Amino acid sequence: MNRKYLAGIAAASILTLSLTACGGSRGGGDDAAAEGGSNEGAKIGVAMPTQQSERWIADGENVKSQLEELGYEVDLQYANDDIPTQVSQIENMINGGVKALVVASIDGTTLTSVLDQAESQDIPVIAYDRLINGSDTVDYYTTFDNKEVGVQQATSLLTGLGILDAEGKETGEKGPFDVELFAGSPDDNNATFFWDGAIETLQPYLDSGVLRVPSGQTDFEQAAILRWLPDTAQDRMEDLLTVGGGERLEGVLSPYDGLSIGIISALTSGGYSTDDLPVVTGQDAEVGSVKSIIAGEQYSTIFKDVRNLGKQAVTMVDALMKGEEPEVNDTETYDNGEKIVPSYLLESEIVTVDNYETALVETGYYTEDDLK
Ligand code: BGC
């Protein structure tokens, strides 16, 4: 937490103790404290990366509607995956008088100077899903257990190939299976967490030869897809099909549903049919990919219930606006180069054709009709 804000919270507790008779509670900025007022009902800035992916649209809507239910005013902006746009949106939010910022960054390293402006006005910053790096102004972080997401992606690849059974036990299947590996955007801190979790899980099978990577491209830098663009993944998959020596692929580690769609297009244009597509993983349980799973094309996705993520971010904002300290459950994992950012991590779940109904429909995340 930035020092000024921490001092603010300490001061708030004292103020709250000494001013209970007035019913005053300090909620954030110095001006509110000076007025003896509260930031309840204040304007909150919510900066989201893109509307090109359903998950971020849902994230933005969830955070906005849940904040509004608590009486806050919300300035929600999407930056079309353009870094200068996101920086100027955040600047405008600060100039427009927001009392807190919730930011899902495009590039986690590009917000340092705009966040300095936030700090100078004592505006707390919550990193949403993606860590903001290189800034000591990030107060809190809420996300999923990103390394575990990578473990789940790799585990579902191994299950889809029959190397592990449904309980995660080895079946004794020795392959060898030819697979290719994709990673997310190198400027998104999450991408390395997903990759590290996945590679740690796959490494023993790569070492023993049960898994082979025909292209030999096993480094993060070789596998990464800048800005998570489906077309870039499609192009890379097309290239991989030509360098791999003609072997039929049996699996593709893909870290995001959008990439999986590009990968599957490349595979089908490259001669694979629905019946013999490799096991392709994913993430986010986006509608198009869940339909693809039901149709037997994509094998798995990772369901991250963004309703819960939104709720967590909103709970953090609300606590801060009331001058309270938000609850966290991890104070070790997310070092942004300047500090270890106190975090609240949520759990994710592997989804395949076998459990999409219980995971996605019965929980009300989608209706049956959405998936037709
Ligand atoms: C998110 C993933 C998402 C990816 C691409 C990551 O930061 O954690 O859920 O698939 O961005 O949008």
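The questions and answers below concern the ligand site and some local backbone features of a predicted model.

Q: Which residues of the shell around the ligand come from helix H3 (54–69) and helix H7 (189–208), given that each supplies at least two?
A: The residues around the ligand include Arg-55, Trp-56, Asn-190 and Phe-194. Helix H3 spans 54–69 and helix H7 spans 189–208, and each gives at least two residues to the shell. Read against those bounds, helix H3 holds Arg-55 and Trp-56, and helix H7 holds Asn-190 and Phe-194.

Q: How many residues of the shell around the ligand are nonpolar, polar and charged?
A: Among the residues around the ligand are Trp-56, Phe-194, Trp-228 and Tyr-256, as well as Asn-190 and Gln-283. Asp-129, Arg-130 and Lys-304 also belong to the residues around the ligand. By class, the shell has four nonpolar, two polar and six charged residues.

Q: Which domains each give at least three residues to the shell around the ligand?
A: Arg-55, Trp-56 and Asp-129 are among the residues around the ligand, and so are Trp-228, Tyr-256 and Gln-283. One domain is made of two segments, 7–138 and 305–347, while the other runs 146–303. At least three shell residues come from each of domain 1 and domain 2.

Q: How far is an oxygen atom of the ligand from an N or O atom in the side chain of Asp-284?
A: Ligand oxygen atoms have polar partners in several side chains, including Asp-188 at 2.6 Å and Asn-190 at 3.0 Å. Asp-284 is also one of the residues around the ligand. For the side chain of Asp-284, the distance from a ligand oxygen to an N or O atom is 2.6 Å.

Q: What share of the ligand's exposed area does the protein bury?
A: The ligand occupies the space of the largest pocket. Taken alone, the ligand exposes 310 Å². Of that area, the protein buries 98%.

Q: Where does Asp-284, with its positive phi, lie?
A: Asp-284 is not a glycine, yet its phi is positive, at about 105 degrees. Strand S9 covers 279–280 and helix H11 covers 287–294. Asp-284 is in the loop between strand S9 and helix H11.

Q: Which residues does the cis peptide bond with omega of about 0 degrees join?
A: One partner of this bond is in the loop between helix H6 (146–161) and strand S6 (177–181). That loop residue is Pro-176. The cis peptide bond joins Gly-175 and Pro-176.

Q: How far is the backbone oxygen of Gln-117 from a polar atom of the side chain of Ser-120?
A: Ser-120 belongs to helix H5, residues 112–120. The backbone oxygen of Gln-117 and a polar side-chain atom of Ser-120 are separated by 2.8 Å.

Methods:
Residues numbered from 1 in each chain as written. Predicted model: local features only at pLDDT ≥ 70, side-chain atom pairs only at ≥ 80, totals over all residues. Heavy atoms only, no water. Near = heavy atom within 4 Å. Polar contact = N/O pair within 3.5 Å; in protein donor to acceptor, adjacent residues only side chain to side chain. Areas by Shrake-Rupley, 256 points an atom, 1.4 Å probe, with all protein chains shown as cover. 1 Å grid on protein atoms, 1.4 Å probe; cavity = no way out; pocket = protein on both sides within 12 Å on 5 of 7 lines; lining within 4 Å. Sits in = over half its atoms within 2 Å of the grid points. Helix = DSSP H or I, 4+ residues; strand = E, 2+ residues; numbered from the N terminus. Nonpolar A, V, L, I, M, F, W, Y, C, P; charged D, E, K, R; others polar. Domains from an automatic or database assignment.
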